[in-house]
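Student: Could we go through this model and ask, for each label, what earns it?

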Amino acid sequence: MTSLIFIAADLAAISVLTFVLYLRRHRRRDLVVSYLGMNVGVLAVATALSGSSAGLGLGLGLFGVLSIIRLRSTELAQHEVAYYFSALALGLIAGLGIEPIWLTASLMGLILLVMFVGDHPRVLPAHRHQTVILDRALAEDHELHARLEEVLHGKVHSATIVELDLVNDKTIVDVRFAYNPAARIAAAGPPAIETMTIETPVHASAGAA
């Protein structure tokens, strides 16, 4: 009966993680399938091993083995890696069946809470990371930062030159910056004011023939 409670708790937690948090925010269906399959697989293996005396050690070993899995087809972003480990942790916690039940529920709820807050769109919305290709070879930090802030319309926090091509006059930069919409408006300048010319009609002189 206790195992069924843990399984139900895990299915509820992974559903919230994938469908309520991840899918609504990032819209990648392929990773939803990956998170669900991996979570249930870890849950099944950890539940089967929890009855043995080496269950905890094997569970931690399983966590370590799965943590080095790399998806070769596509590159994972850092937030997707965080969801990956969260789904893995949820399955492992529920599979090991930590007593008392409220402790397991609290740990799973803590994971969901951290992912909800940490991946919320309102947390540091202006901070961004981007790779920029400039049409000039810029080696000086001051000149490079000034050009990047002009192009990105924000405050550059760090800029790492990935490639400096002096032959083709090109610079590839890895940039972390804070976007500032006000800088973009200021760069655009004030709106143009149209001028209107009113012509005064010329009336014929009263004494004209």
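Tutor: The questions below concern a helix, two loop residues and a peptide bond. This is a predicted model, in which local features need pLDDT of at least 70, side-chain atom pairs count only at pLDDT 80 or more, and totals for chains, interfaces and linings use all residues. Residues are numbered from 1 along each chain as its sequence is written, and side-chain values use heavy atoms, with hydrogens and water left out.

Student: How do you know what span to expect of helix H6?

Tutor: The expected span is 1.5 Å times one less than the number of residues; H6 (residues 141-152) has 12 residues and reaches 16 Å from its first C-alpha to its last, close to the 16 Å expected. Helices are DSSP runs of H or I with at least four residues, strands are runs of E with at least two, and both are numbered from the N terminus.

Student: What places the buried residues of H6 on the same side?

Tutor: Leu144, Leu148 and Leu152 are buried, and they cover an arc of only 45° around the axis, which puts them on the same side of H6; the arc is that of the directions from the helix axis to the C-beta atoms.

Student: Why is histidine 153 called buried, and arginine 27 exposed?

Tutor: Buried means under 20% relative accessible area, exposed over 50%, and partly exposed in between (1.4 Å probe, protein chains only). Histidine 153, at 18%, therefore counts as buried, whereas arginine 27, at 62%, is exposed.

Student: Which peptide bond is cis?

Tutor: The bond from glutamate 99 to proline 100 is cis, with omega near -5°.
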